Amino acid sequence: AAAGLGVAGLAACGRPEAGTLPTATYIPQSYDDLYPGIQTFMDTLATASGGRLSCDMYDAGTLLGAEQLLPGLLLGVADVMFQTSSYVSSSYPILGVMELPFGAEDFAKQRRAVDPDGPLFALVNEQLAVQGVRLLGGMPCTFEYLWTVDRPILEPADVRGLRVRVAGEIEGETVKALGGAPVFMGSSEVFEALERGTIDGLMSYLGTIVSRDLQEIVRYGTRAHFGAYTVDAYCRTGWYDDQPPELRAALDQAGRALYRDGTEVMTGVHDGDYLTAVLDGGVELVEPGGAELEAFRAAVGPVYGRWHDMIGDPAVADRAVAMVDEA
């Protein structure tokens, strides 16, 4: 009964002009690359709303764990959540367009594609609205590389038979397309799994490597756009629509700040501190080019077909891919 009262009490905070919004993420403040953007969102929302909306943050999974965030949001346990797209793109396949391997030639294009004022953002929210969720804004994480312990991955054949940790469905499809076996597990479990030989490597962005001290155990990183995801702020569509116009504008402004300023901080941390930490840890970074890169591109082609099936509407899928191409 006490737990039920707690949920009811939190849900009651979701009324229009509630003031304090229960806000949740699994991301801890120790993520120097991601948490500053989350903090910027919260600070901007308080300022832009003239103090009428403020976030009561439960981070590091203290209210809702990574797998509970989306159900908790929909139930009204939280009014705002920050989540990585890879955790929810199986429920909301449109988000997978930003996770597709080699979907953008470079990070600058990936970054432009998720601009809250761009056409893809509008298309994503059009799709999400059917399921009662609204995207407020997000940070595109730098590309995911393949990291291994025993030998570098120089061509698709090198992945064959490897057990590779992934965090989402699109990542899993990419590993399968390359001939590997995807292993789904949380980032907190990866160090021990690598140490024990339960997995041979992982697909991840730079932040996971450093935040989990994986540079102490992985020896090779293959730099190519094997995947990507975004870290986003979400709320319920009905809750957003119930807010008066000036508070909807404040929420939108906070989402833009997360995208603009949060991404700027994240890339600075990656290009500076995190890359240095990986290299200082003795990790050898290899970068395929020319024929090798084209071989990887060709090998992951089936992932696009799988994602089209997940979307279930070829016209929507084609529009989304074109919007990334044209960003």
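In this predicted model, one open sheet is built from 5 strands in the order 2-1-3-10-4, and its pairing is mixed. Strand 2 and strand 4 (133-140) are the edge strands, each pairing on one side only. From one strand to the next, the twist averages 25 degrees.

Within this sheet, strand 1 (residues 20-25) and strand 2 (residues 54-58) run parallel and are joined by 5 bridges. One of the paired positions is leucine 21, whose bridge partner in strand 2 is cysteine 55. Strand 1 is mostly covered, with 5 of its 6 residues buried. Strand 3 (residues 80-84) pairs with strand 10 (residues 230-236) in the antiparallel sense, over 4 bridges. Here threonine 84 has valine 231 of strand 10 as its bridge partner.

Two helices can be placed against these strands. Helix 2 (residues 35-48) lies across strand 1, strand 2, strand 3, strand 4 and strand 10, and runs at about 150 degrees to strand 2. Helix 11 (residues 245-280) also packs on the sheet, where it touches strand 3, strand 4 and strand 10. The direction of helix 11 makes about 20 degrees with that of strand 4.

A further open sheet has 6 strands in the order 7-6-8-5-9-11, again with mixed pairing. Strand 7 (181-184) and strand 11 (284-286) stand at the edges with a single partner strand each, so one side of each has no neighbour in the sheet. Ignoring direction, neighbouring strands of this sheet are turned by 30 degrees against each other on average. At the strand 11 edge, strand 9 (residues 220-227) pairs with strand 11 in the parallel sense over 3 bridges. Threonine 222 stands opposite valine 286 in strand 11.

Helix 7 (residues 169-177) has several buried residues: Ile170, Glu171, Gly172, Glu173, Thr174 and Val175. Just after helix 7 comes glycine 179, which takes a positive phi of about 95 degrees.

The remaining topic is a helix pair. Two packed helices are described by the angle between their axes and the distance between the axes. For helix 6 (residues 119-129) and helix 14 (residues 314-325), the axes come within 9 Å and cross at roughly 155 degrees. Because angles over 145 degrees count as roughly antiparallel, helix 6 is roughly antiparallel to helix 14. Their crossing is left-handed. On the helix 6 side, Pro119, Leu120, Leu123, Glu126 and Gln127 take part, meeting Val316, Arg319, Ala320, Met323 and Val324 in helix 14. The residues of this contact divide into 7 nonpolar, 1 polar and 2 charged.

Technical notes:
Residues numbered from 1 in each chain as written. Predicted model: local features only at pLDDT ≥ 70, side-chain atom pairs only at ≥ 80, totals over all residues. Heavy atoms only, no water. Axes fitted to C-alpha atoms, helices over the stretch in contact; angles between N-to-C directions. Parallel < 35°, antiparallel > 145°, perpendicular 65-115°, else oblique. Left-handed = near helix turned anticlockwise from the far one by under 90°. Contact = heavy atoms within 4.5 Å. Nonpolar A, V, L, I, M, F, W, Y, C, P; charged D, E, K, R; others polar. Buried < 20%, exposed > 50% of the residue type's maximum accessible area, 1.4 Å probe, protein only. Pairing = 2+ DSSP bridges.
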